[in-house]
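Subject: Structure handover

Hi,

Here is the structure I promised to pass on to you. Could you open it next to this email while you read?

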Amino acid sequence: MRRARLLLPGLLPLALLCAAPGQARAQGQVVLRGRVTEDATGTPVAGAVVRVYDAYWRQLGRQVTSRAGEFEFSVRGRGPFRLHAARLGFQGSTSPVLWTEGHDFFELEMRLDRSVVLLAPLEVVARARVHHSPVLDDFRARQAAGIGDFFTRADIERMHPAFVSDLLATLPGVHMESSGFGTQRVIYFARAEGRCPAQIYVDGLLVTRSSLGGPAESSLDAAVHPEEVEAVEVYKGLATIPAQFLTAESDCGVIAIWTRRGL
């Protein structure tokens, strides 16, 4: 058994314990097992969301750590892989690229730093009536109808996604493909006839344009960051799409994003 310790400035401290090849090779998989701890104390961090990605930032798995801070992935392929860990009250961190180098089993320790913000004393000097956003009122009305899939700001803060596409990865029938390097992922909805790229609206404006008679393949993550998003609604079928999002090319489905600046 060979032990390697990887500590890179500015990146998540990551301790690796690599077992000899052969433990998972029969299934053609790599086992990534480990735990998340607090960097300062070594205390296990329960309830942390750990995701594993391939070299093109396609999500291969997602787990929530146990009370002991433990997680385990069984991933097909030989890598390279990258891990991201996040937990409310901690600074989310992404690991360096993990090269398997012929090993089938990795034991890892991922460490998170606490994110503490000191607040000054608060004195209320004036009050005003709450300003209701017509945009959010319309969003809530469609959400109450229950026809599509919806994410609120509270959902985003609870899930703590690294990218907006991570929200959609939790929905059935949603597929992603890389449109190039890095985080440029294109969203598709499952169809019997093949992949079907979704139309994307940001603050009511269509950001995808027609391409050869069909919807363009545009990256959702290139359009907006999770910290900017107030709400997201997803319609995967033509019959569910509200009238304001219907176009001649919206038969594949629609993703509507509402940012904080657009309210």
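Below are some notes on a helix, its aromatic neighbours and a few charged pairs.

This is a predicted model, in which local features need pLDDT of at least 70 and side-chain atom pairs count only at pLDDT 80 or more, while totals for chains, interfaces and linings use all residues. Residues are numbered from 1 along each chain as its sequence is written, and side-chain values use heavy atoms, with hydrogens and water left out.

**Helix 1**

Let me start with helix 1, residues 134-145. Helices here are DSSP runs of H or I with at least four residues, strands are runs of E with at least two, and both are numbered from the N terminus. At 1.5 Å a residue, the 12 residues of helix 1 should span 16 Å, and the 17 Å between its end C-alpha atoms agrees with that. The expected span is 1.5 Å times one less than the number of residues.

Three residues of helix 1, L136, F139 and R142, are buried. For accessibility, buried means under 20% relative accessible area, exposed over 50%, and partly exposed in between, with a 1.4 Å probe and protein chains only. Seen down the helix axis, the buried residues of helix 1 fall within an arc of 125 degrees, so they line one face; the arc is taken from the directions from the axis to the C-beta atoms. What do these buried residues pack against? Their partners are strand 10 (149-152), strand 18 (229-235) and strand 19 (254-259), where contact means heavy atoms within 4.5 Å. On the face turned away from the buried side you will find the exposed residues P134, A144 and A145. Just after the helix, G146 has a positive phi of about 70 degrees.

**Aromatic pairs**

The structure holds 8 aromatic pairs. Rings of Phe, Tyr and Trp (its six-membered ring) pair if their centres lie within 6.5 Å; planes under 30 degrees apart count as stacked, over 60 as edge-to-face and the rest as tilted.

One of the pairs is F150 with Y235, which is edge-to-face, at 6.1 Å centre to centre and 85 degrees between the planes. This pair links distant parts of the chain, with F150 in strand 10 and Y235 in strand 18, 85 residues apart. Both F150 and Y235 are buried.

Another pair is Y201 with F245: the ring centres are 5.1 Å apart and the planes stand at 50 degrees, so the pair is tilted. Y201 belongs to strand 14 (residues 199-202) and F245 to the loop between strand 18 and strand 19, so this pair ties together parts that are 44 residues apart in sequence. Y201 and F245 are both buried.

These four residues come together with F139 and W258 in one aromatic cluster. F139 is also one of the buried residues of helix 1.

**Charged pairs**

A search of the whole structure finds 12 salt bridges, each defined as a side-chain nitrogen of Lys or Arg within 4 Å of a carboxyl oxygen of Asp or Glu.

Back at helix 1, R142 forms a salt bridge with E233, and their closest N and O atoms are 2.7 Å apart. The partners are distant along the chain: R142 is in helix 1 and E233 in strand 18, 91 residues apart. Both E233 and R142 are buried.

Helix 2 (residues 153-159) contains D155. D155 forms a salt bridge with R158, the closest N and O atoms being 3.2 Å apart. Both residues lie in helix 2, 3 residues apart, about one turn of the helix. Is each partner buried or exposed? D155 counts as buried at 18% relative accessibility, whereas R158 is exposed at 59%.

E157 and R260 also meet through their side chains in a salt bridge (3.7 Å, N to O). E157 lies in helix 2 and R260 in the segment after strand 19, so the pair ties together parts that are 103 residues apart in sequence. Both count as partly exposed, E157 at 44% relative accessibility and R260 at 40%. Salt bridges that share partners join these two with R153, E227 and E230 into one network.

Happy browsing, and best wishes!
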